[in-house]
Amino acid sequence: MTEMQSNNKTWPVVVIGAGPVGLALAGDLGWRGVPCLLVERGTGEIHQPKMDLVSVRTMEFCRRWGIVDWVEHAGYNRDYPQDYAWVSSLSGGYEFGREPFPSIKDEPCPPQSPQKRERCPQNFFDPVLRRFVQQSALVDERHRTEFRSMKEHERGVTVQLANLESGQEYEVECQYLIGCDGGASSVKQALGLQMAGSPVLTYTTNAIIECEGLEAWHDKKPGYRYIFIGPEGTWGTMVAINGRDQWRVSLVGDGNVRTLNEDDMAGVFRRMLGRDDVPFKVLSVMPWIRRQLVADNYGRGRTWIAGDAAHLTSPTGGFGMNMGIQDSVGLGWTLAALVQGWGGPRLLQAYEIERRPVAIRNVQEATNNLKNMLSPRDQQGQLQGAFEPGPAGDAARKAFGEAYTAMMKREWHTVGIHLGYRYEGSPVVVPDGTPEPPDTVTTYEQTARPGHRAPHVWLKPGLSTLDLFGRGFVLLRFDPKVSVEAMQAAAAQRGVPLQVNDIGDAKAASLYERKLVLVRPDGHVAWRGDAMPQDALAVIDTVRGAA
Ligand SMILES: Cc1cc2nc3c(=O)[nH]c(=O)nc-3n(C[C@H](O)[C@H](O)[C@H](O)COP(=O)(O)OP(=O)(O)OC[C@H]3O[C@@H](n4cnc5c(N)ncnc54)[C@H](O)[C@@H]3O)c2cc1C
């Protein structure tokens, strides 16, 4: 199809912004058979990779999409140790403490998942997602194309775009418009949506540094992330970007604006090293503002937002993109249901009701992590002792290091954040009256309570319960004697894709707790019971957003 022909048709969905969240949404839509136009004003090249932690939940989605292998072979050195360490400097400085982790390759999957987190920085992860997008003939990705404005009308949305190469402006029609266009989202502005929270936590400056064989220039054990603490408190961090020769250096900063250039950041790197005779190159510098903001609304009518457009968070914890990808998966099945005609009007309302509380919880947790990381700044008086030589200094370092190490564990062990988010009070989930379990951070107990992520159990080697979910609704039946016909008939009547899976596994039966469990296309439990509900059609209408 030529650009002109594709401009003349009505797109089911137009996605603005091909960052990781827009790419994931477009890829998910293509995977679900929904045509979509993906618009990106940049070229797709990444000079300053931001995210690097791909959470266990995002990897579960990658498993569903069949792209785990691509992530694992994206180019990051998976043999590189993943330790976190807090030091005064790398060469000759003090090491206050360390949280050891195996390399990503050697890290086992947590018992709650068939996958594990990955370390795949954005310059490796975005190309994987783009390859996923390009795998679908249904997605048209246009670079150097900018969203300008939108006008919603009865049948859809008219979107004005500009080709940044030719300067030409043109319009496209779509049924739904989704803004995945980052923190300064123009789609959000066009909707007039406001964000609430803290617009400035810190003014931070990042630099990508190339330094061959850095490990040979210092005496600390290798690590994925170093936190630098001086007598004035926490002042910088260094993160392994490719597990070889690239490092992201951050001067954490505070609430005061600072403008730093390449020379300044070279000085920051030298202070981190503790020596000035190491050859390196500053590849790029990026000032950015750390914020804690969540949009008051995620959209209305036919236009919605996702990812950083909807929530901005401190990177402490690695939640930003991962919750954005969860937004994409939430929107993916919702939009497919609407475009394919079996979804009702409450689905998009439910998107906001389900996803916004997750963002509020995660941005708060991330700011808490930031406060913990920076807390040595509040102890400057006491910290002084930790920089004195001799036995008194050793004792002060030990006391400080042990307390800091214990406190920081909450940021490093976050399985509850990534798997434990739940859709309490969602209008498209049927509650079963059981009490809400505690929302934990460092631990997670799987539950099939409605609104929660359906639990993982290995059904046979290589086959997880999670592998059954994704395209349509799935009704798990743990007792073949229980009839499911009423729900099958209700789903057929409404055109809702529903597959029944008989599960004979005792461990799964005990974890899912009911004889019947209805799982949505995003992998969350929508309903459960020991027998068919009295009105199966009412349940189907609720979960498809038409009740
Ligand atoms: C230092 C740092 C480290 C981080 N580490 C992690 C981590 O480990 N894990 C994690 O989950 N998150 C992390 N994050 C957060 C993560 O990077 C973001 O949450 C994520 O990039 C958001 O993705 P997005 O697609 O929503 O937005 P963006 O990545 O901002 O992408 C938006 C896209 O929209 C395009 N665009 C904007 N306006 C228009 C327009 N008008 N027309 C067309 N296109 C437009 C932009 O060019 C851009 O490509 C980190 C962030 C920082 C700053």
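In what order do the 4 strands of the open sheet with mixed pairing, the one that includes E22 and E24, run? Keep that in mind while you set up the view, and remember that this is a predicted model.

**Stop 1: the sheet of 4 strands**

Select E21, E22, E23 and E24. The order across this open sheet is E22-E21-E23-E24, and the pairing is mixed. At the edges you'll find strand E22 (498–502) and strand E24 (525–529); each has a single partner strand, so one side of each is left without a neighbour in the sheet. On average, neighbouring strands here are turned by 15 degrees against each other, direction ignored.

Now narrow the selection to E22 and strand E21 (residues 473–477). These two run parallel and are joined by 5 bridges. For one pair to label, pick Val-474, whose bridge partner in E22 is Gln-499. Then switch on helix H13 (residues 485–494), which lies across E21 and E22 and runs at about 160 degrees to E22.

**Stop 2: the two domains**

Colour the chain by domain. Domain 1 takes in 3–74 + 116–196 + 294–366, while domain 2 covers 423–543. Put a marker at the C-alpha centre of each and you'll have 27 Å between them.

Next, bring up the contacts: 15 residues of domain 1 touch 15 residues of domain 2. On the domain 1 side, helix H3 (56–65), H8 and helix H9 (346–374) each supply at least two residues. H9 has the largest share of that side, with 7 residues. Colour the domain 1 side by class and it splits into 6 nonpolar, 3 polar and 6 charged residues.

**Stop 3: around the ligand**

Centre on the ligand. A shell of 32 residues surrounds the ligand, and the closest are Gly-17, Gly-19, Gly-182, Gly-307 and Gly-320. Two or more shell residues come from each of helix H2 (20–31), strand E8 (145–153) and helix H8 (320–339). H8 gives the most, with 4 residues. You've met H8 already, as one of the helices on the side of domain 1 that touches domain 2. By class, the shell around the ligand has 13 nonpolar, 12 polar and 7 charged residues.

**Stop 4: the sheet of 8 strands**

Time for the other sheet. Select its 8 strands and trace across them in the order E5-E4-E12-E13-E14-E11-E15-E18; this is an open sheet too, with mixed pairing. Strand E5 (95–99) and strand E18 (311–312) are the edge strands, each pairing on one side only.

Zoom in on strand E4 (residues 84–87). Which way do its two pairings run, starting with E12: parallel or antiparallel? With strand E12 (residues 225–230), E4 pairs in the parallel sense over 4 bridges. With E5, the run is antiparallel, again joined by 4 bridges.

Show side chains and click on Ala-85. Its bridge partner in E12 is Tyr-226, and in E5 the partner is Arg-98. Further along E4, Val-87 stands opposite Phe-228 in E12.

Now rotate to look at E4 from both faces. Are the residues there buried or exposed? Tyr-84 and Trp-86 on one side are buried, and so are Ala-85 and Val-87 on the other, leaving both faces of E4 covered.

Last selection: helix H11 (residues 390–412). H11 lies across E4 and E5, running at about 30 degrees to E5.

Conventions
Residues are numbered from 1 along each chain as its sequence is written. This is a predicted model: local features need pLDDT of at least 70, side-chain atom pairs count only at pLDDT 80 or more; totals for chains, interfaces and linings use all residues. Two strands pair if DSSP finds at least two bridges between them. Two residues are in contact if their C-beta atoms, placed from the backbone, lie within 7 Å. Axes are lines fitted to C-alpha atoms, for helices over the stretch in contact, and angles run from 0 to 180 degrees between N-to-C directions. A residue is near a molecule or strand if its C-beta atom, placed from the backbone, lies within 6 Å of it. Ala, Val, Leu, Ile, Met, Phe, Trp, Tyr, Cys and Pro count as nonpolar, Asp, Glu, Lys and Arg as charged, and the others, Gly among them, as polar. A residue is buried if 20 or more other C-beta atoms lie within 10 Å of its own, exposed if 12 or fewer, and partly exposed in between; C-beta atoms are placed from the backbone. Domain bounds come from an automatic or database domain assignment.
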